[in-house]
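Let's walk through this structure together, starting from one residue and working outwards. Keep the 3D view open as you read.

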Amino acid sequence: MAKTGTTTQDLRSAIERSGYYPALVSEAVESAVGPEPITSYLVHQETTFDANEVRRHVTVLVLTPSRFVVSHTDEQNADAATPVPYATTSTETVRLDRINSVVISRMVANPETYTPGTPPREVVLTIGWGAVQRLDLEPAGCSDPNCEADHGYTGSATADDLSLRVSEAGDGPETVAQALVFARALSEATVANG
(Lines give C-alpha, C1' and ligand atoms only; values in the text may rest on other atoms or scores of the structure.)
Protein backbone atom coordinates (compact mmCIF):
# COMPACT_ATOMS: atom_id res chain seq x y z
CA MET A 1 0.00 0.00 0.00
CA ALA A 2 1.12 3.53 -0.66
CA LYS A 3 0.70 4.66 2.94
CA THR A 4 3.11 3.97 5.74
CA GLY A 5 2.41 3.38 9.40
CA THR A 6 1.68 0.61 11.82
CA THR A 7 -2.06 0.37 11.16
CA THR A 8 -1.59 0.07 7.39
CA GLN A 9 1.10 -2.57 7.83
CA ASP A 10 -1.11 -4.42 10.33
CA LEU A 11 -4.00 -4.37 7.85
CA ARG A 12 -1.79 -5.73 5.08
CA SER A 13 -0.54 -8.47 7.41
CA ALA A 14 -4.11 -9.36 8.40
CA ILE A 15 -5.13 -9.62 4.73
CA GLU A 16 -2.10 -11.83 4.05
CA ARG A 17 -2.89 -14.03 7.09
CA SER A 18 -6.40 -14.59 5.75
CA GLY A 19 -4.70 -16.42 2.88
CA TYR A 20 -7.43 -15.39 0.51
CA TYR A 21 -5.97 -13.84 -2.64
CA PRO A 22 -4.00 -11.27 -0.59
CA ALA A 23 -2.59 -9.37 -3.58
CA LEU A 24 -6.05 -8.93 -5.12
CA VAL A 25 -7.74 -7.98 -1.83
CA SER A 26 -4.95 -5.59 -0.80
CA GLU A 27 -5.03 -3.81 -4.16
CA ALA A 28 -8.81 -3.34 -4.00
CA VAL A 29 -8.68 -2.02 -0.44
CA GLU A 30 -5.72 0.27 -1.19
CA SER A 31 -7.49 1.72 -4.18
CA ALA A 32 -10.63 2.47 -2.16
CA VAL A 33 -8.82 3.90 0.89
CA GLY A 34 -6.54 6.14 -1.17
CA PRO A 35 -4.18 8.47 0.69
CA GLU A 36 -6.18 8.67 3.94
CA PRO A 37 -4.71 7.12 7.07
CA ILE A 38 -6.39 4.00 8.45
CA THR A 39 -7.98 4.45 11.86
CA SER A 40 -9.27 0.91 12.37
CA TYR A 41 -9.95 -2.23 10.34
CA LEU A 42 -11.43 -5.72 10.44
CA VAL A 43 -10.61 -8.63 8.12
CA HIS A 44 -13.06 -11.54 8.10
CA GLN A 45 -12.54 -14.63 5.98
CA GLU A 46 -15.49 -17.02 5.74
CA THR A 47 -15.76 -20.47 4.21
CA THR A 48 -19.18 -21.84 3.27
CA PHE A 49 -20.30 -25.14 1.84
CA ASP A 50 -22.70 -24.97 -1.10
CA ALA A 51 -23.90 -28.42 -2.21
CA ASN A 52 -20.69 -30.11 -3.40
CA GLU A 53 -18.64 -26.92 -3.51
CA VAL A 54 -16.56 -25.05 -0.97
CA ARG A 55 -16.76 -21.28 -1.36
CA ARG A 56 -14.61 -18.70 0.31
CA HIS A 57 -15.38 -15.05 0.94
CA VAL A 58 -13.43 -12.26 2.59
CA THR A 59 -14.81 -9.00 3.92
CA VAL A 60 -12.47 -6.15 4.82
CA LEU A 61 -13.85 -3.18 6.76
CA VAL A 62 -11.69 -0.06 7.00
CA LEU A 63 -12.28 3.15 8.91
CA THR A 64 -10.50 6.37 7.92
CA PRO A 65 -10.98 9.82 9.48
CA SER A 66 -13.77 10.63 6.99
CA ARG A 67 -14.95 7.36 5.44
CA PHE A 68 -16.02 3.78 6.01
CA VAL A 69 -14.78 1.36 3.32
CA VAL A 70 -16.18 -2.13 2.85
CA SER A 71 -14.60 -4.63 0.48
CA HIS A 72 -15.99 -8.05 -0.47
CA THR A 73 -14.13 -10.68 -2.48
CA ASP A 74 -15.77 -13.91 -3.61
CA GLU A 75 -14.41 -16.77 -5.64
CA GLN A 76 -16.42 -18.57 -8.30
CA ASN A 77 -15.87 -21.88 -10.01
CA ALA A 78 -15.59 -22.19 -13.75
CA ASP A 79 -18.92 -22.19 -15.55
CA ALA A 80 -20.29 -22.13 -19.08
CA ALA A 81 -19.57 -18.41 -19.49
CA THR A 82 -16.10 -18.46 -17.88
CA PRO A 83 -14.05 -21.64 -18.38
CA VAL A 84 -11.62 -20.89 -15.52
CA PRO A 85 -12.19 -20.15 -11.82
CA TYR A 86 -12.41 -16.44 -11.05
CA ALA A 87 -12.81 -13.97 -8.20
CA THR A 88 -14.99 -10.88 -7.92
CA THR A 89 -13.92 -7.97 -5.73
CA SER A 90 -16.12 -4.99 -4.92
CA THR A 91 -15.56 -2.01 -2.67
CA GLU A 92 -17.93 0.60 -1.37
CA THR A 93 -16.92 3.87 0.25
CA VAL A 94 -19.34 5.63 2.59
CA ARG A 95 -18.89 9.06 4.17
CA LEU A 96 -19.07 8.73 7.95
CA ASP A 97 -21.89 11.28 8.18
CA ARG A 98 -24.03 8.90 6.07
CA ILE A 99 -23.84 6.04 8.58
CA ASN A 100 -27.03 6.12 10.60
CA SER A 101 -26.84 2.85 12.50
CA VAL A 102 -24.12 0.74 14.12
CA VAL A 103 -25.59 -2.27 15.93
CA ILE A 104 -23.39 -4.57 17.99
CA SER A 105 -25.01 -7.80 19.19
CA ARG A 106 -23.01 -9.86 21.68
CA MET A 107 -23.60 -13.46 22.66
CA VAL A 108 -22.21 -14.57 26.01
CA ALA A 109 -22.34 -17.98 27.66
CA ASN A 110 -23.68 -18.39 31.19
CA PRO A 111 -24.97 -14.83 31.57
CA GLU A 112 -25.82 -15.42 35.24
CA THR A 113 -22.10 -15.63 36.01
CA TYR A 114 -20.94 -12.99 33.52
CA THR A 115 -18.02 -10.87 34.67
CA PRO A 116 -17.54 -7.45 33.04
CA GLY A 117 -14.68 -7.55 30.58
CA THR A 118 -15.21 -11.18 29.62
CA PRO A 119 -15.13 -11.40 25.82
CA PRO A 120 -18.35 -12.51 24.13
CA ARG A 121 -18.39 -15.81 22.27
CA GLU A 122 -19.97 -14.21 19.23
CA VAL A 123 -20.44 -10.71 17.82
CA VAL A 124 -22.78 -9.58 15.05
CA LEU A 125 -21.97 -6.17 13.65
CA THR A 126 -24.75 -4.56 11.59
CA ILE A 127 -24.09 -1.25 9.87
CA GLY A 128 -26.70 0.85 8.06
CA TRP A 129 -26.14 3.82 5.77
CA GLY A 130 -29.31 3.76 3.70
CA ALA A 131 -28.07 2.00 0.58
CA VAL A 132 -30.14 -1.12 1.29
CA GLN A 133 -33.54 -1.16 2.97
CA ARG A 134 -35.39 -4.32 3.91
CA LEU A 135 -39.18 -4.13 3.97
CA ASP A 136 -41.16 -6.55 6.11
CA LEU A 137 -44.87 -6.31 5.19
CA GLU A 138 -47.95 -8.12 6.39
CA PRO A 139 -51.67 -7.63 5.79
CA ALA A 140 -53.17 -5.05 8.13
CA GLY A 141 -56.35 -5.85 9.99
CA CYS A 142 -58.73 -4.52 12.57
CA SER A 143 -60.15 -5.83 15.83
CA ASP A 144 -63.52 -6.85 14.27
CA PRO A 145 -63.36 -10.62 13.62
CA ASN A 146 -66.20 -10.35 11.05
CA CYS A 147 -64.62 -7.52 9.05
CA GLU A 148 -63.86 -8.39 5.44
CA ALA A 149 -62.52 -4.99 4.40
CA ASP A 150 -59.10 -4.60 2.85
CA HIS A 151 -57.02 -2.67 5.38
CA GLY A 152 -53.90 -2.56 3.21
CA TYR A 153 -50.54 -3.53 4.61
CA THR A 154 -48.46 -2.67 7.62
CA GLY A 155 -44.79 -3.25 8.13
CA SER A 156 -41.39 -1.85 8.84
CA ALA A 157 -38.33 -0.72 6.91
CA THR A 158 -34.95 -1.69 8.29
CA ALA A 159 -31.55 -0.41 7.19
CA ASP A 160 -29.47 -3.51 6.70
CA ASP A 161 -26.55 -2.59 4.47
CA LEU A 162 -24.00 -4.88 6.12
CA SER A 163 -24.23 -7.60 8.71
CA LEU A 164 -21.09 -9.46 9.75
CA ARG A 165 -20.97 -12.32 12.26
CA VAL A 166 -17.76 -13.41 13.96
CA SER A 167 -17.49 -16.14 16.56
CA GLU A 168 -14.86 -17.47 18.89
CA ALA A 169 -15.40 -21.03 17.64
CA GLY A 170 -15.27 -20.21 13.93
CA ASP A 171 -12.94 -17.21 13.74
CA GLY A 172 -10.96 -17.23 16.96
CA PRO A 173 -11.01 -14.95 19.99
CA GLU A 174 -8.64 -12.44 18.31
CA THR A 175 -11.15 -11.80 15.51
CA VAL A 176 -13.98 -11.34 18.00
CA ALA A 177 -11.85 -8.84 19.92
CA GLN A 178 -10.92 -7.01 16.70
CA ALA A 179 -14.61 -6.85 15.71
CA LEU A 180 -15.41 -5.14 19.02
CA VAL A 181 -12.49 -2.70 18.61
CA PHE A 182 -13.63 -1.85 15.08
CA ALA A 183 -17.28 -1.48 16.10
CA ARG A 184 -16.36 0.88 18.93
CA ALA A 185 -14.12 2.97 16.65
CA LEU A 186 -16.86 3.17 14.02
CA SER A 187 -19.50 4.11 16.60
CA GLU A 188 -17.28 6.87 18.01
CA ALA A 189 -16.42 8.15 14.51
CA THR A 190 -20.07 8.39 13.49
CA VAL A 191 -20.83 10.51 16.56
CA ALA A 192 -17.86 12.78 15.87
CA ASN A 193 -18.83 13.18 12.19
CA GLY A 194 -22.62 13.32 12.66
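**From one threonine to two sheets**

Let's begin at Thr59, which sits in strand β2, the stretch covering residues 53-63. Please bear in mind that the model is a predicted one. Is Thr59 buried or exposed? With a relative accessible area of 2%, Thr59 is buried, because the cut-off for that label is anything under 20%. Its side chain has polar company there: a contact of 2.9 Å links it to the side chain of His57, and another, of 3.2 Å, links it to the side chain of His72. Leaving aside residues up to four places away in sequence, Thr59 touches Leu42, Val43, His44, Val70, Ser71, His72 and Leu164.

Now step back to the sheet that holds β2. Four strands make up this open sheet, ordered β1-β2-β3-β4 and paired in the antiparallel sense. The edge positions belong to β1 (40-50) and β4 (86-95); each has a single partner strand, so one side of each is left without a neighbour in the sheet. From one strand to the next, the twist averages 15°. As background, strands of a sheet pair through backbone hydrogen bonds, in either a parallel or an antiparallel manner. Between β1 and β2 the antiparallel pairing extends over 11 bridges, and you can find Ser40 standing opposite Leu63 of β2.

Two helices pack on this sheet. Helix α2 (residues 22-33) touches β2, β3 (67-76) and β4, and its direction makes about 155° with that of β3. Helix α4 (residues 173-193) touches β1, β2 and β3, with its direction at about 130° to that of β1.

While we are at the sheet, have a look at Thr73 in strand β3. Its relative accessibility is 0%, so Thr73 counts as buried. Which residues does Thr73 touch, not counting those up to four places away in sequence? They are Tyr20, Leu24, Val25, Arg56, His57, Val58, Ala87, Thr88 and Thr89.

Val25 from that list takes us into α2, where it is buried along with Ser26, Ala28, Val29, Ala32 and Val33. Why do these buried residues line one face of the helix? Seen down the axis of α2, they fall within an arc of 165°, so they line one face. The general rule behind such patterns is that an α-helix has 3.6 residues a turn, so residues three or four places apart point the same way. On the face of α2 turned away from the buried side you will find the exposed residues Ala23, Glu27 and Ser31. The helix has 12 residues and spans 16 Å from its first C-alpha to its last, close to the 16 Å expected at 1.5 Å a residue.

The surroundings of α2 are worth a look for their backbone angles. Just after the helix, Gly34 takes a positive phi of about 65°. In the loop between α1 (6-18) and α2 lies Tyr21, which has a positive phi of about 40° although it is not a glycine. For comparison, most residues other than glycine have a negative phi. Tyr21 counts as partly exposed, at 34% relative accessibility. Asn110, in the loop between β5 (101-107) and β6 (122-128), is another non-glycine residue with a positive phi, of about 45°. Asn110 is partly exposed, with a relative accessible area of 48%.

Those last two strands lead to a further open sheet, in which three strands follow the order β5-β6-β9 with antiparallel pairing. Here β5 and β9 (162-167) stand at the edges with a single partner strand each, so one side of each has no neighbour in the sheet. The twist averages 10° from one strand to the next. Strands β6 and β9 pair over six bridges, and Ile127 stands opposite Leu162 in β9.

Which helix lies across β5, β6 and β9? It is α4, running at about 150° to β5; α4 also packs on the four-stranded sheet, touching β1, β2 and β3. Its buried residues include Val176, Leu180, Phe182, Ala183 and Leu186. With 21 residues, α4 reaches 30 Å from its first C-alpha to its last, close to the 30 Å expected. Finally, find Pro173, also in α4, which is partly exposed at a relative accessible area of 46%. The C-alpha atoms of Pro173 and Arg121 are separated by 7.8 Å, although the two residues are 52 residues apart along the chain.

Terms used
Residues are numbered from 1 along each chain as its sequence is written. This is a predicted model: local features need pLDDT of at least 70, side-chain atom pairs count only at pLDDT 80 or more; totals for chains, interfaces and linings use all residues. Side-chain values use heavy atoms; hydrogens and water are left out. Buried means under 20% relative accessible area, exposed over 50%, partly exposed in between (1.4 Å probe, protein chains only). A polar contact is a pair of N or O atoms within 3.5 Å; within protein, one must be able to donate a hydrogen and the other to accept it, and residues adjacent in sequence count only if both atoms are side-chain atoms. Contact means heavy atoms within 4.5 Å. Two strands pair if DSSP finds at least two bridges between them. Axes are lines fitted to C-alpha atoms, for helices over the stretch in contact, and angles run from 0 to 180 degrees between N-to-C directions. The expected span of a helix is 1.5 Å times one less than its number of residues. The arc is that of the directions from the helix axis to the C-beta atoms.
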